[in-house]
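I opened my notebook today to look up one pocket and one helix pair. Here is what I wrote down as I went.

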Amino acid sequence: MTSETNSVDTPPTWVTSTTRLAPASVLNPDLGATIVHGGVDFAVAAPLATSVELCIFDSTAPDALEDRYLMNAGEGGVWSGHLPHVGAGTLYGFRANGRWDPEGAVSFNPYKLLLDPYGKGLAGSVELCAEIHGHVVDEDLEPAVRPLKLSTSDSAPKTARSVVVEQRFPVVPKPRIPWEETVIYELHVKGFTKQMPGVPEELRGTYAGLAHPASISHLKALGVTAIELLPIHAKWDEPFLTKRGLTNYWGYSTLSYFTPEPSYATQKAQARGAQAVLDEVRGMVSILHEHGIEVLLDVVYNHTCEGGFAGQTLSWRGLGQSTYYRHTSHRPAHMIDDTGCGNTVNFDEARVVQMTLDSLRYWSEDIGVDGFRFDLAVTLGRFATGFTPRHPFLVALAADPVLSKQKIIAEPWDIGPGGWQTGNFPLPWSEWNDRYRDTIRSFWLADFANLEAGRPTQGPNDIATRLAGSADLFSASVGHLRPARSSINFVTAHDGFTLSDLTTFNHKVNHDNMESNRDGTPRNLSWNHGIEGHTRAKTGEPNERVINGESGLLDLIFYARERSMRNLLATLLISTGTPMLVAGDEFGRTQQGNNNAYCQDSKISWLNWDFESWQQDMFDTTRYLLALRRIHPVMRPSRFATGRVQPGDEIVDLSWYTAENKAFKPENWHDVNHRILQMLRSGYSDNDSDLLVVFNGTLNSARVKLTEGRNDKYRLVFDSSWSNLKNGGVVSDAADHSFCDTVKPGKVVHMEPQSLQIYLTER
């Protein structure tokens, strides 16, 4: 080897082992580490490597003893072998040898210890340092020379090891909640219970804490059916965050697609090792299943933590950069970045598709989770020529007998060419509906800011489309009919303002992220209701309204903000499609205006369970609305409406009326003067009451003549102007409407400004 050629065709003798592994127990062994009688079979895909070594360690210490074994070459670039007399708990990694030609997208370096892409356990940690780079770097960890020069420093003392694990107990069977009954609740494993009363200190912020009775009690009381966990695949923080003393709190920086993130396990489990961490995760899933709660995972198969061209060599890059990552076709090759994270996983490659499907099946079958939300899912369906719903990965998932029965959800965009694909994923996919989010925010917030400022705004055309399930996007997309559940309706997500902050801030406040407030979207469609900030949730800060003598004005603003939150929540829960809430929105949590808290492992992100009275009222209201939705199928249609009378019924399945009880005409939809409207949905096909929802999307109180429908009396079961349920004379039991006011069809009712009323007919 010479520095002039940067070649590793003949590596130094100290790197190469002379001991060859015995053949694996089966002809074509499964990738990863498989415990078999008498030992463990190991297999890894490195199609362009000239040799691969299995490295066995006695510890994670920098001076750990390392034994190396040459693996056997097999078809398709799979290297394998059998190691006798070892089992669960074995620490291992790989070293791959081959050409060093980074400008040709080939960068093998046997000096770098590589994690198993199929590794199911993790021991130790990765240190940000020069040694973990495949090329020589300077003191700032930037390339020391161009073209990149091979680094001959050993990375083993500075990086983690994969761990062999086993399954020790069966997971409780999946609840299999029907889509039409599903309510998704997005949460962060750590942030949800980090400050939760009732959870023992040693369990807070852990997998075990999420399965604690106090946590489950909140989920059951609220009425959600599925929790969607922000990524729990093992992660490694981006170097720029580490240099700032921050972390990737959200976890969108994957280090292993098969390994649970160890830091979310209890200290006791972490001390006992990878097997105990895995057992804690599987135990969490089992306990949640016992209580009828599904577990969905947010998964990040679009990029990895290895970064861009000058990034680190931790796993995939060292086993085949051009195999695992997408590159340009010219020389020098550049890594394509359709994700904004430096690299794009290469779904042109069969090995990548196989790895992803194998990972999904492992989490589905062995760990027992119920479904997945795919971050930047367009990347997974894109060839070099663009996205297609007939991409082999999407077709394979749809045909898979295990995965096709799971809840499969796309974030249907990325930053690559043709990156917005909402509505274009095939069955069995559902999709985050960003048009729903933006329309509902606009109608209840941004439009009101315009009205208040005397600026032009829009009519009710968009909100009607979104309330009806976004049939324009999903009804006949990708060449066939899709069910109404295909639209995942949401107003907020982990990325962006919380529900409370949407009503409190016109501008993001991300200074704690140490990026000069440049990060995070500036387009929030929010409305501060007249004063920026001044949140009412407890923060430990002095009461600003007392300091500034603004108590009366702020009380009015706080009331208006809470009414807006109730408008948003109620609209979400009467819309056709699958609703998703974000943890804490049910009681008005704040992130103090941070709309990109991805790096805030702090009280900015952790849920504060010390409620004020208005927050308890907000929780009671959210719980009540969810119960109404659960009891009344008319609030959660499983089919798109047709606008026609269905067989056996006497009213159309979905109809719209003005404040004067006149059927909407085409010219009304874009008219700002028709922001007061009535939506009547027939409950006949569900053997349920009819649903009438009345919207006052104006700054003024209004008089509305209720549409007749089938002339059954209406009961007012919800009014967003109620500051709490008691003010409306409603008890918290959503099944008991005897205390609700009865209204005759055709009667003129009063509505407060910017409010919403929900009526159910007496049947």
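Before listing any lining, I fixed the term for myself: a residue counts as lining a pocket if it has an atom within 4 Å of one of the pocket's grid points. I also noted that this is a predicted model.

**Entry 1: the pocket**

I turned to the second largest pocket and found a volume of about 470 Å³. I then asked which residues lie nearest its centre. They are Asp30, Leu31, Thr34, Tyr118 and Lys120, out of a lining of 23 residues.

Next I looked up which elements give two or more residues to this lining, and got strand E1 (32–36) and H8. H8 supplies the largest share, with 7 residues. Sorting the lining by class, I counted 12 nonpolar, 8 charged and 3 polar residues.

**Entry 2: the helix pair**

Since H8 had come up in the pocket, I followed that helix to a neighbour. Helix H8 spans residues 350–366 and helix H9 residues 392–399; their axes come within 10 Å and cross at roughly 30°. Angles under 35 degrees count as roughly parallel, so H8 is roughly parallel to H9. I checked the hand of the crossing too, and it is right-handed.

Which residues make the contact? From H8 I noted Val353, Thr356, Leu357 and Leu360, and from H9 Phe393, Ala396 and Leu397. What classes do they fall into? I found 6 nonpolar residues, 1 polar and no charged in the contact of H8 with H9.

Conventions
Residues numbered from 1 in each chain as written. Predicted model: local features only at pLDDT ≥ 70, side-chain atom pairs only at ≥ 80, totals over all residues. Heavy atoms only, no water. Axes fitted to C-alpha atoms, helices over the stretch in contact; angles between N-to-C directions. Helix = DSSP H or I, 4+ residues; strand = E, 2+ residues; numbered from the N terminus. Parallel < 35°, antiparallel > 145°, perpendicular 65-115°, else oblique. Left-handed = near helix turned anticlockwise from the far one by under 90°. Contact = heavy atoms within 4.5 Å. Nonpolar A, V, L, I, M, F, W, Y, C, P; charged D, E, K, R; others polar. 1 Å grid on protein atoms, 1.4 Å probe; cavity = no way out; pocket = protein on both sides within 12 Å on 5 of 7 lines; lining within 4 Å. Points joined across faces, edges and corners; volume = space filled by probe spheres on them.
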